[in-house]
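Reader: I should like to learn how one reads the empty spaces in a protein model. May we work through an example together?

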Amino acid sequence: MAVPTLEWKGGLPGELAMIDQTLLPGSLVVIKVKDIDSLRNDIRRLAVRGAPAIGLAACFGVVLGVQEFIGDRQAFDRRLSEVIDFLAQARPTAVNLFGGLERMRRTADENPDLDTPAIKQRLLDEAQAALREDQEICLELGELGQTLLPDNSGALTHCNAGALATSDHGTALSVFFAAARAGKTITVYADETRPLLQGARLTAWELKQAGIDVTLICDNAAGHVMKEGRIDAVFVGADRIAANGDTANKIGTYSVSVLAKAHCVPFYVVAPVSTIDMDTPDGASIPIEERSGDEVRRFGDTSVAPSDVKAYNPAFDVTPAENITAIVTEKGIIREPTTERIAAVVAGQGD
Ligand code: MRU
């Protein structure tokens, strides 16, 4: 993308520049984040969102939290733990948040001899490395995933798993970008993705900018467009893939998977290996974020329901592995995912 989703500006001290995704597509505004209170709030209010982007924001967040610290290495390590614990409370579902924080903790643990200025620099280098890796992985996901998308086909996606949800390129949307680069003619149907409209506001915006034929539909039109034969495959991202393949993604994904199964449409999850959580055995163990009922009672700034009506607003749901045709990772495509097949790919022994 012309403007990066997030990037570190300056050295040490520096700041994290991020697109404020709540303002898209109306305004493209880059906010400068200087402290962890603001960053945690920005993650919670979805200024930065999407599992890989949240993980990267967390890595840079650790740097924000320790960069001004003065003291010996022992005291530094205590501060680091406080910062990590604080950021870990940003959002519960995307495992990439915890993976990013763990990566930063491991970096500090593996370099006990560095003094405070040196370990700060090492942590910034690690966050930058994580960002570069994410860019490469997203490109690989696209190239692998596009082999599953025939020429002259229609695809459906839900929420936003694009450049905005990662450092660049995206996961599910990277498949569409790669298909276009390969010269395929594709048309993408984007679910609007109530309540916060990531599909309408972000996916439609990204795909249009890239010159990809995109058609926006209401979430409840997905079954109809499948029945009409417009959809050859569904591609979605993931916030957490349990060891058995059950996958948490934006609320509504599960319904799309059921519809896909009913219409014999292949359903693909596209995600980096870092989104697989081998410590979570199945979908029932994935923590699901519940957000304010006001997001349901309102449509943007407009109230669309009695202000005192009860509303239930789970931000994610779980698609059972049996509804997933394949999981596309940078280490290979896992067809009909099972614990054994997933473990083999995570260990680097898949096909
Ligand atoms: O609440 P959000 O906008 O952070 O939810 C994002 C999603 O559900 C994405 O599909 C998922 O994180 C994959 S992003 C590559």
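Author: Let us begin with the largest pocket, which holds about 670 Å³ of space. Please note that the model is predicted. The general idea is that rolling a probe the size of a water molecule over the atoms shows where empty space is left.

Reader: How many residues line the largest pocket, and which lie nearest its centre?

Author: The lining consists of 25 residues. Nearest the centre of this pocket are Asn-96, Gly-99, Gly-100, Val-273 and Ser-274. Two or more lining residues come from each of helix H2 (51-66), helix H4 (95-109), helix H5 (116-145) and strand E11 (276-277).

Reader: Which element gives the most to this lining?

Author: That element is H4, with seven residues. One may also sort the lining of the largest pocket by class: 11 residues are nonpolar, five are polar and nine are charged.

Reader: What is the volume of the second largest pocket, and which residues line it?

Author: Its volume is about 260 Å³. Among the residues that line the second largest pocket are Thr-22, Arg-45, Leu-46, Arg-201, Asp-294 and Arg-298. Its lining comprises four nonpolar, two polar and six charged residues.

Reader: I should now like to consider cavities. How does a cavity differ from a pocket?

Author: A pocket is open, whereas a cavity is a space where the probe fits but cannot get out. In this model there are two cavities of 30 Å³ or more. The largest cavity has a volume of about 190 Å³. Its lining has 24 residues, and Gly-50, Ala-51, Asn-160, Asp-239 and Asn-249 are the closest to its centre.

Reader: Which elements supply at least two residues of that lining?

Author: They are H2 and E9. As for the classes, the lining of the largest cavity has 11 nonpolar, nine polar and four charged residues.

Reader: Where does the ligand sit?

Author: The ligand occupies the largest cavity. To the shell around the ligand, H2 and strand E9 (247-250) each give two or more residues.

Reader: How many residues surround the ligand, and which are the closest?

Author: The ligand is surrounded by 17 residues, the closest being Arg-49, Arg-91, Asp-239, Asn-249 and Lys-250. This shell divides into seven nonpolar, six polar and four charged residues.

Reader: Which polar atoms of the protein lie at short distances from the ligand's oxygen atoms?

Author: For such contacts one looks for pairs of N or O atoms within 3.5 Å. In Asn-249, a polar side-chain atom is 2.6 Å from an oxygen atom of the ligand. A polar side-chain atom of Arg-91 lies 2.8 Å from a ligand oxygen atom. Ala-51 takes part through its backbone, with an N or O atom 2.9 Å from an oxygen atom of the ligand. On its own the ligand has 420 Å² of accessible area, and the protein covers 100% of that area.

Reader: What can be said of the second largest cavity?

Author: It contains about 40 Å³ of space. The residues that line it include Pro-195, Gln-198, Lys-250, Arg-291 and Asn-313. By class, three of its lining residues are nonpolar, two are polar and three are charged. Lys-250 thus appears twice in our discussion, in the lining of the second largest cavity and among the residues closest to the ligand.

Reader: Finally, I should like to learn about the backbone. Which peptide bonds are cis?

Author: As a general idea, most residues other than glycine have a negative phi, and most peptide bonds are trans. Here, a cis peptide bond with omega of about 0° joins Leu-12 and Pro-13. Pro-13 is placed in the loop between strand E1 (6-10) and strand E2 (14-19). Another cis bond runs from Leu-24 to Pro-25, with omega near 5°. Pro-25 belongs to the loop between E2 and strand E3 (30-33).

Reader: What is the sign of phi in Cys-159, and where is this residue found?

Author: Phi of Cys-159 is positive, near 65°, although the residue is not glycine. Cys-159 lies in the loop between strand E4 (153-157) and helix H6 (172-181).

Technical notes: Residues numbered from 1 in each chain as written. Predicted model: local features only at pLDDT ≥ 70, side-chain atom pairs only at ≥ 80, totals over all residues. Heavy atoms only, no water. 1 Å grid on protein atoms, 1.4 Å probe; cavity = no way out; pocket = protein on both sides within 12 Å on 5 of 7 lines; lining within 4 Å. Points joined across faces, edges and corners; volume = space filled by probe spheres on them. Helix = DSSP H or I, 4+ residues; strand = E, 2+ residues; numbered from the N terminus. Nonpolar A, V, L, I, M, F, W, Y, C, P; charged D, E, K, R; others polar. Near = heavy atom within 4 Å. Polar contact = N/O pair within 3.5 Å; in protein donor to acceptor, adjacent residues only side chain to side chain. Areas by Shrake-Rupley, 256 points an atom, 1.4 Å probe, with all protein chains shown as cover. Sits in = over half its atoms within 2 Å of the grid points.
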